[in-house]
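Here are some comments on the charged side-chain contacts in this model, set out point by point for discussion.

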Amino acid sequence: MEKFGEVGIIFYNESFEVIWVNDFLDSRRINIVGKNIIKYNNAFCLITEDKHESIKLNIENRVYECKCLRELKMIIMKDT
C-alpha cells in the first residue's frame, strides 16, 4: 500500500524547547528533541506566535504543511 500525507507531531515547552517528536519525524531523522524550535527553523515563529495559521516548510528536502495548536504547545507537520 502506498503511503501519503503522513503526519509528524512536535511538542514543545514554554521556552520553545522541543520535548517530544513522534516516530514519523524520528524515522525522517528530524532529531530536534532538546533543541529550540525557533532556532532550528525560525519560520516556526510564524505559527507559534499567531502570525499565520499554517506554513509550508522545506526540511531535509521534503515539504511539510505545518500548523500549531498553541494551547497544547503542539505542532502538526503533514508531509505533502
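1. In this predicted model, Asp79 pairs with Arg28 in a salt bridge whose closest N and O atoms are 2.8 Å apart. Asp79 belongs to strand β5 (residues 74–79), whereas Arg28 sits in the loop between α1 (23–27) and α2 (37–40), so the contact ties together parts that are 51 residues apart in sequence.

2. The surroundings of this pair deserve a remark, since both Asp79 and Arg28 are buried; for each of them, therefore, the relative accessible area is under 20%. The two residues are also linked with Glu6, and Glu6, Arg28 and Asp79 together make up a network of salt bridges.

3. A further salt bridge joins Arg70 and Asp50, with an N to O distance of 3.4 Å. Arg70 is located in the loop between β4 (62–69) and β5, and Asp50 in the loop between α3 (45–48) and β3 (54–59), so that this pair ties together parts lying 20 residues apart in sequence. Arg70 counts as partly exposed, because its relative accessibility is 28%, while Asp50, at 57%, counts as exposed.

4. Lys51 forms a salt bridge with Glu49, and here the closest N and O atoms are 3.4 Å apart. With a relative accessibility of 41%, Glu49 counts as partly exposed.

5. How many salt bridges does the model contain by the rule applied here? The count comes to 4, where the rule requires a side-chain nitrogen of Lys or Arg within 4 Å of a carboxyl oxygen of Asp or Glu.

Key
Residues numbered from 1 in each chain as written. Predicted model: local features only at pLDDT ≥ 70, side-chain atom pairs only at ≥ 80, totals over all residues. Heavy atoms only, no water. Helix = DSSP H or I, 4+ residues; strand = E, 2+ residues; numbered from the N terminus. Buried < 20%, exposed > 50% of the residue type's maximum accessible area, 1.4 Å probe, protein only.
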